[in-house]
Structure formats: C-alpha cells, structure tokens
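Colleague: I would like to learn how to read the features of this model one at a time, with the general idea first and the particular case after it.

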Amino acid sequence: MDRALIEELRAALGASRAWLAEWIEEGVEGPATLGAAPARAKAAAPPAARPVSAQAQGDLLAPARSGQRPTLEEVRARLGDCTRCPLSAGRNTIVFGDGNPDADILFVGEGPGAEEDKRGLPFVGRAGELLTRMIERGMGIPRSQVYICNIVKCRPPQNREPAPNEIAACRPFLDEQIDAVAPKVIVTLGRPATGVLLGRDVSITRVRGVWHDYRGTPLMPTFHPAFILRQYTEENRRLVWQDLKAALERAQAPA
Ligand code: SF4
C-alpha cells in the first residue's frame with residue numbers, strides 16, 4: 001500500500017480513538033463500552049441550578065478573606081452537619097477528604113460514590129483502589145502522603161454529576177481545603193472536577209497532560225480512575241502515568 005495512504009489512515013485512526021475516548025468520558029455510549037460494566041453508571045442529567053444564598057456563601061468565604069490559612073479542622077467544623085444543598089437529603093455520610101494535611105499533591109474528584117458514602121472516605125471503591133495503585137505503584141509514594149477530596153462532599157443520587165447549585169454550595173469548602181493544605185500541585189480527576197476548577201466546560205482529552213493554574217497553584221488534569229476502569233487500555237494507562245509523573249516531578253522540584 002502507498003506510504004502516504006498508510007500515514008493518512010494512521011492519523012485518522014488516532015483522531016477517532018481520541019474522539020471516542022472523549023465521548024465515553026462525557027457519557028456517550030459507544031461500541032467500546034459494550035460488554036463492559038461501567039464503574040460509575042451515568043444517570044439522568046442533574047436538576048436545574050438554583051441560586052445559593054449570599055449568606056450561605058458569605059459565611060464560608062469570610063475566613064478566607066482574612067488572609068489567614070484555615071486548618072482542615074476549622075473547615076470541617078464550619079461544614080458541620082451541612083444541609084446547604086439538596087444532596088444532604090440522600091447522603092449517609094459527609095465525605096470531607098482524606099490524607100496528609102500538609103500534602104504536596106492534592107487530588108480533586110467529582111463526588112462520593114456508594115462505597116465512599118458508606119465509609120465516609122473519598123476514593124475507596126473500585127475507582128479508589130485504582131487511584132491508590134496509581135499513587136503508590138505509579139508515583140511511588142504512600143496514599144497517606146497526598147490529600148484527596150471532591151468537588152461536592154455528599155453523594156449525588158445514582159452517581160450523577162453534581163448540579164451547578166450543589167457545586168456552588170460546596171465550592172467554598174473545597175477552596176478552603178486547598179487553602180488549608182496549600183499543595184504544590186493540584187491534580188483534577190476527570191472532566192467535571194477539571195471544569196469546575198478551570199471555570200469552564202472542558203474536554204478532558206484536550207486538557208489532560210497540560211499544566212494549568214488554579215489561584216496560583218499548578219493544576220494538572222488527568223482522566224478519572226473510573227474512566228480508566230471502563231477503558232483499561234495500554235494507551236490510557238500510559239497517559240495517566242505520564243500526567244502523574246509530571247505532577248510528581250513538579251511537586252518535588254526545588255522551590
Ligand atoms: Fe453541604 Fe456540600 Fe453536602 Fe451540599 S454537598 S449538603 S454543600 S456538604
């Protein structure tokens with residue numbers, strides 16, 4: 001076969017793979033998902049946004065405005081037995097966060113799943129086990145050395161994506177957690193978490209592997225481990241290792 005034609009076919013195949021991965025990440029069922037049990041089944045679209053009261057946000061943002069770093073204990077105390085958004089109605093446990101309060105690397109996911117809701121810890125289900133392997137075997141550091149949290153602290157029903165009003169209500173706590181830990185690097189896991197921190201809709205296949213900035217902290221987006229479980233290909237695993245290696249190198253670089 002003609003060499004130019006082979007190159008053209010190769011490029012087309014590469015582009016199709018990327019698009020397919022993106023569709024799957026965004027919840028569109030494709031041939032590659034057939035026969036695979038999704039780790040986090042996508043449910044109906046989140047309910048429409050409802051505004052969060054200024055008071056609800058204001059009382060949370062006040063400590064950050066003072067310019068002092070809060071402690072995680074202070075943030076957790078302010079969260080209390082939170083009912084600031086509708087997710088409180090269906091939760092068993094508030095999943096605040098877990099790990100080293102002085103971590104150099106802070107991971108942010110989307111929200112707790114069933115196992116997390118039961119145990120009160122982030123990333124302890126199947127996807128969490130993979131994240132732990134990614135951290136411990138891939139990065140070569142104990143999971144307890146990093147800090148892990150989510151955009152929302154209560155489980156969305158049927159593992160749907162958090163709605164804008166839920167994100168808005170919980171967001172000040174995430175920002176305070178980041179302020180408290182003051183990591184050298186933030187790693188966002190998947191499209192929703194990345195989109196929230198970057199403040200725009202993103203295509204995870206386009207933004208992953210590229211350094212961004214979140215309020216002065218370098219931010220590396222990568223695939224959510226649940227996506228890797230669904231699409232357990234050599235290529236996807238290679239890309240995640242690449243992103244985590246970059247995050248580790250940046251976190252360990254001299255200031
Ligand atoms: Fe409160 Fe966040 Fe839970 Fe909503 S998700 S009830 S804001 S802790």
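**Reading the sheet and its surroundings**

Modeller: Strand β4 (residues 185-189) and strand β6 run parallel and are joined by four bridges, where two strands pair if DSSP finds at least two bridges between them, and where helices (H or I, at least four residues) and strands (E, at least two) are DSSP runs numbered from the N terminus. Within this pairing, the bridge partner of Thr 188 in β6 is Pro 221. The model is a predicted one, in which local features need pLDDT of at least 70 and side-chain atom pairs count only at pLDDT 80 or more, while totals for chains, interfaces and linings use all residues. Residues are numbered from 1 along each chain as its sequence is written, and side-chain values use heavy atoms, with hydrogens and water left out.

Colleague: What is the order of the strands in the open sheet, and which strands stand at its edges?

Modeller: The open sheet has six strands in the order β1-β3-β2-β4-β6-β5, and its pairing is mixed. At the edges stand β1 (98-99) and β5 (212-214), each with a single partner strand, so one side of each is left without a neighbour in the sheet. At one of these edges, β1 pairs with strand β3 (residues 147-150) in the antiparallel sense over two bridges, and Tyr 147 in β3 is the bridge partner of Gly 99. At the other, three bridges join β5 to β6 in an antiparallel run, with Asp 213 standing opposite Pro 218 in β6. The hairpin of β5 and β6 has two residues between the strands, and Arg 215 there takes a positive phi near 50 degrees.

Colleague: How should I read the two faces of a strand, and which residues of β6 point one way and which the other?

Modeller: In a regular strand the side chains alternate between the two faces of the sheet. In β6, Thr 217, Leu 219 and Pro 221 point one way, Pro 218, Met 220 and Thr 222 point the other way, and all are buried, a term that means under 20% relative accessible area, with exposed being over 50% and partly exposed in between (1.4 Å probe, protein chains only). Because six of the six residues of β6 (residues 217-222) are buried, the strand is largely enclosed by the rest of the structure.

Colleague: Which residues cover the two faces of β2, and which strands does β2 join?

Modeller: Strand β2 (residues 105-109) has five of its five residues buried, with Ile 105, Phe 107 and Gly 109 on one side and Leu 106 and Val 108 on the other. Four bridges join β2 to β4 in a parallel run, in which Ile 105 has Val 185 as its bridge partner. Four bridges also join β2 to β3, again parallel, and there Phe 107 has Ile 148 as its bridge partner.

Colleague: Where does helix α6 bend, and what span should its residues have?

Modeller: The expected span of a helix is 1.5 Å times one less than its number of residues. For the 18 residues of α6 (residues 164-181) this should come to 26 Å, and the end C-alpha atoms are 25 Å apart, which agrees. The helix nevertheless bends by about 40 degrees at Cys 170, with a proline, Pro 172, following within four residues; the bend at a residue is the angle between axes fitted to the seven residues ending there and the seven starting there. In α6, 14 of the 18 residues are buried, and the helix is followed by Ala 182, whose phi is positive, near 50 degrees.

Colleague: How is an aromatic pair described, and how many does the structure hold?

Modeller: A pair of aromatic rings is described by the distance of the centres and the angle of the planes. The structure holds one aromatic pair. The rings of Phe 223 and Phe 227 have their centres 4.7 Å apart and their planes at 50 degrees, so the pair is tilted; rings of Phe, Tyr and Trp (its six-membered ring) pair if their centres lie within 6.5 Å, and planes under 30 degrees apart count as stacked, over 60 as edge-to-face and the rest as tilted. Both Phe 223 and Phe 227 are buried.
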